[in-house]
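User: Could you walk me through this structure and tell me how each label is earned? I'd like the criteria as well as the results.

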Amino acid sequence: MTATTEINNIISEENLVYKKTDVLLDNEMHYCPGCTHGVIHKVIAEVIEEMDIQDKTIGVSPVGCSVLAYNYLDIDWQQAAHGRAPALATATSRLMPDKYVFTYQGDGDLASIGCAEIMHACNRGENIVVVFVNNAIYGMTGGQMAPTTLEGQVTATSPYGRDCATTGFPMKMSEIVSLLPGTRFVTRQSAETAGAVRKLKKAIRKGFENTREKKGLSFIEIVGTCSSGWKLSPTQSNEWMKENMFPYYPLGTLKDE
Amino acid sequence: MGDVRLMKGNEVIAEAAIRCGCDGYFGYPITPQSEIMETLMIRKPEDETGMVVLQAESEVAAINMVYGGASCGKKVMTSSSSPGISLKAEGITYLAGAELPALIVNIVRGGPGLGTIQPAQSDYFQAVKGGGHGDYKLIVLAPASVQEMNDFVDLGFELSFKYLNPAMILSDGVIGQMMEKVELSDYKPRWTDEEIEKISGSWATNGKKAGSERNISTSLDLDSAKQEVFNHKLQAKYRAMEENDVRFEKIACDDADYLFVAYGSSARICQKSVELAREKGIKVGLLRPITLFPYPTIQIQEMLGQVKGILSVEMSAGQMVEDVRLAVEGKVPVEHFGRYGGIIPTPEEVVEALEEKILGK
């Protein structure tokens with residue numbers, strides 16, 4: 001028996017336990033090696049397929065690395081101006097209350113330029129899911145300081161390390177929005193191990209189920225890596241994230257009502 | 001006669017929105033147009049027609065809610081006044097870039113900056129020449145009466161869906177705050193999901209249909225070659241607007257030796273000035289652009305064999321006069337007269353300006 005026939009025997013229909021969801025398109029991703037976006041896209045796509053809501057889901061993509069998210073998930077998409085995704089999602093959800101609307105936003109988009117939009121969407125309790133990817137840096141524009149950049153972290157605009165005395169402190173968005181009565185589910189997850197990805201998927205599924213039950217806003221923060229911006233290898237990035245990001249941005253669910 | 005009422009211009013915008021089957025209004029308070037959202041809140045159209053009315057956290061959020069709603073193929077609108085429109089400029093260029101239909105009402109007040117809450121026409125450049133970034137145009141309708149405030153809501157939506165381009169009603173504090181007799185439009189039902197599918201199914205992001213391509217509402221294309229092709233398409237659309245949808249009114253032009261060009265409240269003032277001038281034996285007419293883009297350039301040019309001079313009357317330091325001069329190409333004298341900063345000219349002042357600036361030459 002040759003190696004090829006052996007493999008073909010193994011991948012026969014009855015042995016298949018996992019396949020790529022059709023909601024995830026085959027377009028080549030522009031994300032850097034080691035980037036967390038790809039995994040998060042896959043998880044969202046799987047949840048959409050499993051809940052059978054592909055024809056009822058509208059994604060709202062931001063400005064930032066995930067500006068081109070619409071190239072990867074086979075659903076209807078709106079591409080928002082920088083920071084404004086929650087405003088688009090507000091109107092979309094209100095005008096089509098039977099649809100599943102989610103925003104996909106990075107830390108610069110959500111916590112800096114889009115601070116007003118996210119606060120008020122959360123406060124109004126819009127019936128949407130917010131997927132917030134926090135990698136503590138502006139990726140798309142070349143690694144500048146974000147509102148979530150850690151104290152002392154070196155970026156293109158904090159070349160000597162972030163000085164909190166002059167630039168303020170890293171913002172804990174999940175903690176902030178969890179204080180608003182409009183949010184129903186606020187959780188902080190990661191995606192660096194198989195176990196973490198499974199937990200993340202559970203959280204995203206819960207978010208979309210909340211939409212179905214008209215429960216209001218689900219806020220899912222994902223602490224992720226930016227190998228290019230951090231100037232570390234993918235493996236080093238995961239280590240750096242665990243050592244530095246997780247203590248400041250502790251994982252877990254802050255609110256579940 | 002339909003439903004005839006005595007109403008404020010701003011209130012009529014709200015009433016006309018409900019009656020024309022608008023799906024959503026997203027606004028933020030600013031003087032002198034707050035009655036639009038206030039009227040909607042009192043009327044509660046959500047109970048009557050299902051129209052969504054939402055007070056946003058800012059003008060920026062409001063215009064982006066409009067972007068979201070428009071992306072779904074819905075008839076959505078916002079309103080504001082000058083400083084608020086500056087904040088909406090970002091969203092407006094995104095709407096134009098994503099080829100989305102929407103209605104934006106601007107009840108103009110004097111500027112620059114926070115300026116004044118009194119009426120002005122100093123946002124002509126912003127409405128007609130851009131305001132936001134990129135090579136785009138708005139369809140700009142300039143009502144001169146409370147009746148036209150009613151009529152142009154429906155017309156604005158009609159044109160914006162015809163061209164898949166945002167439309168603006170460029171009014172001002174005079175028309176917004178003025179009470180006049182108005183015949184309200186009959187009720188039109190909001191579009192059903194099936195109608196939206198028929199009208200906008202090829203682009204609306206209201207859920208991917210099985211077996212068809214997904215729809216994406218975006219103004220982004222990083223491929224410059226494609227972006228240029230897209231810009232050619234936009235320009236062709238603007239030329240089609242110029243070809244097919246110029247609107248204007250001519251008053252006392254048949255025997256005119258001189259011409260006022262004025263829009264909105266200035267045109268109302270000029271109507272009286274035409275009468276006053278004619279009592280003095282000066283045969284002057286009025287050409288009132290109703291669409292400021294597309295502009296009645298040809299209609300002005302058609303007057304050139306007849307009139308000896310043109311006065312552009314605006315409540316600004318002279319903005320539309322540039323378009324009049326572009327049309328006239330130096331063939332007859334063109335001058336500007338305006339009061340600004342919230343001051344409204346009297347009909348007598350306008351006649352004096354005509355005598356001094358045009359007849360005196």
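**How the labels are earned**

Analyst: Happy to! Let's start where the chains meet: A:Trp77 stands opposite B:Ile216 in strand 9 of chain B. This is a predicted model, in which local features need pLDDT of at least 70 and side-chain atom pairs count only at pLDDT 80 or more, while totals for chains, interfaces and linings use all residues. Residues are numbered from 1 along each chain as its sequence is written, and chains are lettered from A and ligands numbered from 1 in the order in which they are written.

User: What makes strand 2 of chain A and strand 9 of chain B a pair?

Analyst: Strands (E, at least two residues) and helices (H or I, at least four) are DSSP runs, numbered from the N terminus. Two strands pair if DSSP finds at least two bridges between them. Strand 2 of chain A and strand 9 (residues 216-217) of chain B are joined by two bridges and run parallel, so they pair by that rule.

User: How many residues does each chain bring to the contact?

Analyst: Chain A brings 28 residues and chain B brings 32; being in contact requires C-beta atoms, placed from the backbone, within 7 Å. On the side of chain A that touches chain B, helix 3 of chain A has the largest share, eight residues.

User: Why is strand 14 of chain B called mostly covered?

Analyst: A residue is buried if 20 or more other C-beta atoms lie within 10 Å of its own, exposed if 12 or fewer, and partly exposed in between, with C-beta atoms placed from the backbone. In strand 14 (residues 309-313) of chain B, four of the five residues are buried, so the description fits.

User: Which strands pair with strand 14 of chain B?

Analyst: Strand 11 (residues 258-261) of chain B is joined to strand 14 of chain B by four bridges, in parallel, with B:Phe260 partnered by B:Leu311. Strand 15 (residues 334-337) of chain B also pairs with strand 14 in the parallel sense over four bridges, and there B:Val313 has B:Phe337 as its bridge partner.

User: What makes a β-α-β unit right-handed?

Analyst: With the strands pointing away from the viewer, the path from the first strand over the helix to the second must run clockwise. Strand 14, helix 13 (residues 320-328) and strand 15 of chain B make such a right-handed unit.

User: Where do the domain bounds in chain B fall?

Analyst: Domain 1 covers 4-183 and domain 2 covers 248-357; such bounds come from an automatic or database domain assignment. The C-alpha centres of domain 1 and domain 2 of chain B lie 26 Å apart.

Conventions
Two residues are in contact if their C-beta atoms, placed from the backbone, lie within 7 Å.
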